[in-house]
Amino acid sequence: LGVSELESGINFSIFSQHATRVTLCLSLPERGEHDKLDGGMVELTLDPHVNKTGDIWHICVEDLPRSDILYGYRVDGPRGWHQGHRFDSSIFLVDPYAKLVEGRRLFGDTSNKMAKFLGTYDFNSLPFNWGDNYKLPNIPEKDLVIYEMSIRAFTADESSGLDPSTRGSYLGVIKKIPHLVELGINAVELLPIFEFDELEFQRRPNPRDHLINTWGYSTINFFAPMSRYASAGGGPTNASREFKEMVKALHDAGIEVILDVVYNHTNEADDDNPYTISFRGIDNKVYYMVDLNNNGQLLNYTGCGNTLNCNHPVVMELILDSLRHWVVDYHVDGFRFDLASVLCRGTDGSPLDAPPLIRAIAKDPLLSRCKIIAEPWDCGGLYLVGKFPNWDRWAEWNGKYRDDMRKFIKGDAGVKGSFATRVAGSADLYRVNKRKPYHSINFVIAHDGFTLYDLVSYNFKHNDANGESGNDGSNDNFSWNCGCEGETTDTNIKALRFRQMKNFHLALMISQGTPMMMMGDEYGHTRYGNNNSYGHDTAINHFQWGQLEARKNDHFRFFSEMIKFRRSRHIFGRESFIGKNEVTWHEDNWDNTESKFLAFTFHDKKGGDIYLAFNAHDYFVKVAIPSPPQKRRWFRVVDTNLESPGDIVPEGVPGIRKTYNVAPYSSILLEAKP
């Protein structure tokens, strides 16, 4: 499937079970620019008696150039809407197996907002040189610290100091790898980098027609890297090479690359305002879930108008081929599957106990070295946290961890037991069969929802800029503004906010499981209370490098040192769930719902115990410190109530007495050392 080079020419191959007529459309270089397509396409109609094998339509074209050809298809078939068909032979369609996709060249170029997208190929370039000494990081899952980030937003801002041609690109990330190394993370989870149309909202007048889709959860094609993340408007071939350069550079720095992948829906929207660009026009009934009992309407379990028919054999093979492509050709280390509960639904939308696609990914020999992470819910109510079909391979975004951490740290009553369960590895969710603590991806903040700064600065979302009258985004944020909504000059409130951010980060970094933090939280990025900022190609989303510099010696320092402390202490990254002899809860008050203080000790076989206390009360708590192990004494590593640099001292401060006064809304970490 797709385009392949044969001795006799270039072969084009596409699946369509229900098509009655398929036409290959080629734009030759000498026929003009690709935005003048309508007049410049060579059309080859495929003879079903010669150019069709089973449901595969194919044609080999002689004497074609080995690159710089644009191609698409026009496909016709039954007009039976009620049967799930959406054929329209007037539309040029992108090959689902195109390895490169050409569209507009510059990100957000509104002068070309109606740009057409077509496949292309490149058989001229030499294979990418990964280098003689190149090797994959192969970091054990128990040792991962994940940094969720956006290619575009990371360096798009002028404050990045990069040349304008490199901002917001794959190469821009390479320039900023020293920051990632200094922070201490060892894996990046990239928001979608498959080709998408960032100007999809601007194709017709609507309340969101001012937005630019910067997050990218709106896939055009599952094989092609986002071409507008190439530097200097370089196009798809350069994008492919520069993406590989970025992966290689990250790997050379010891950082793994995890892709956030969206196989639950595409950008083709709904039946009211369709954006037919590929699958819908090729074979809607196969590629999407349709309700044949309701006039062939599209089923919508994604909140985006359509639902990919993931467990149909043809679609399943497409997804597996796509995943293998990114592993083999681009050397990525893993995948986070957006709205992965959709992948657990049958072709009629009903939940499956053993979804074929989920099993195939878990068992695939090529994908076996990869990290595979589910977002275990969808917009149709299939909430599978702790219950996602996993074959002991799949990890999950732990949504219960996020909620319980937020509630406890902000001082909610009655959640101390839940907080303890989450910190200890969520055994209530994951101690099943051969699953491990690291199958819980622990996070307080992710791309959707509040940033960490906004979590401690806003009680309510402020989403008016999104064009949906504030109705979009979650209302259940479990946030607390620390006494004032939004920006303030009150120094006490400011200090409390930064203390709370440190409390969250400490809790995340000492929890059993795999921690994930979000880009920008290391300096306290704000979106001014917008908790659904997908449509803003501005400072709302863009990393603010000037703010990072201003926070280098306090907030950033705490975040970086805490990450490095975690990575250097095996006690936080256990291979198995904590046993009774590996933790002591200094607590006999579990049933008191008003108690918001928790202290505990993680025990280390070699004596390097870690004592932790979290105080979510608004008053000091004087706590008795347990005796350290034999021939050891306690050193204070963290007290979030202290000013920098005293808030974290990695080597520890001696002189800990038998009691410690833990300040309101603060936390401490002590380490037992000789």
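1. Let's start in the antiparallel part of this predicted model. Ile10 stands opposite Val61 in strand S6, and that pairing belongs to a ladder of 6 bridges joining S2 to S6 (residues 56–61), with the two strands running antiparallel. If you have the structure open, Ile10 is a handy place to begin, as Glu5 stands opposite this residue of S2 as well.

2. On to the partner that holds Glu5. Strand S1 (2–6) is an edge strand, and 5 bridges join S1 to S2 (residues 9–15) in the antiparallel sense. Besides the Glu5 and Ile10 pair, you will find Ser4 opposite Asn11 in S2. S1 and S2 make a hairpin, with 2 residues between them.

3. Now for the sheet as a whole. The order is S1-S2-S6-S5, an open sheet of 4 strands with antiparallel pairing. Its edges are S1 and strand S5 (52–53), each of which pairs on one side only. S2 is largely enclosed by the rest of the structure, because 7 of its 7 residues are buried.

4. The next stop is strand S11 (residues 187–190), which has cover on both faces. Ala187 and Glu189 are buried on one side, and Val188 and Leu190 are buried on the other. That two-sided pattern is easy to follow by eye, since side chains in a regular strand alternate between the two faces of the sheet. Please do take a look at Glu189, an acidic residue among those buried here.

5. What does S11 pair with? Strand S10 (residues 146–149) pairs with S11 in the parallel sense over 4 bridges, and Glu148 stands opposite Glu189 in S11. S11 is also joined to strand S12 (residues 256–261) by 4 bridges, again running parallel. In that second pairing, Val188 stands opposite Val257 in S12. From S11 the chain passes through helix H4 (residues 236–252) to reach S12, giving a right-handed β-α-β crossover.

6. Glu195 deserves a point of its own. This residue sits in the loop between S11 and H4. Is Glu195 buried or exposed? Glu195 counts as buried because its relative accessible area is 0%, where the cut-off for buried is under 20%. The side chains of Glu195 and Arg228 are joined by a polar contact of 3.0 Å. Setting aside residues up to four places away in sequence, Glu195 touches Val101, Phe117, Thr219, Ile220, Asn221, Ala224, Pro225, Met226, Ser227 and Arg228.

7. H4 comes up again at the second largest pocket, which holds about 630 Å³ of space. There are 23 residues in its lining, and those nearest the centre are Leu100, Asp122, Ser240, Lys244 and Asp329. Strand S9 (118–122), H4 and helix H6 (313–328) are the elements that give two or more residues to this lining. Which of them gives the most? H4 does, with 4 residues.

8. Helix H8 (residues 399–409) is another enclosed element. Because 8 of its 11 residues are buried, H8 is largely enclosed by the rest of the structure. The buried residues are Gly399, Tyr401, Asp403, Asp404, Met405, Arg406, Phe408 and Ile409. Charged side chains are on that list too, including Asp403, Asp404 and Arg406.

9. Both ends of H8 are worth a glance. At its start, a side-chain oxygen of Asn398 comes to within 3.1 Å of the backbone nitrogen of Lys400. After the helix comes Gly411, which has a positive phi, near 100°.

10. Last, Asp428 in helix H10 (residues 427–430). Asp428 counts as partly exposed because its relative accessibility is 49%, and exposed would need over 50%. Outside its neighbours within four places in sequence, Asp428 is in contact with Thr421 and Arg422. With Arg422 there is a polar contact of 2.9 Å between the two side chains. The C-alpha atoms of Asp428 and Gly386 are 8.1 Å apart, although 42 residues separate them along the chain.

Terms used:
Residues numbered from 1 in each chain as written. Predicted model: local features only at pLDDT ≥ 70, side-chain atom pairs only at ≥ 80, totals over all residues. Heavy atoms only, no water. Buried < 20%, exposed > 50% of the residue type's maximum accessible area, 1.4 Å probe, protein only. Pairing = 2+ DSSP bridges. Right-handed = clockwise from strand over helix to strand, strands pointing away. Polar contact = N/O pair within 3.5 Å; in protein donor to acceptor, adjacent residues only side chain to side chain. Contact = heavy atoms within 4.5 Å. 1 Å grid on protein atoms, 1.4 Å probe; cavity = no way out; pocket = protein on both sides within 12 Å on 5 of 7 lines; lining within 4 Å. Points joined across faces, edges and corners; volume = space filled by probe spheres on them.
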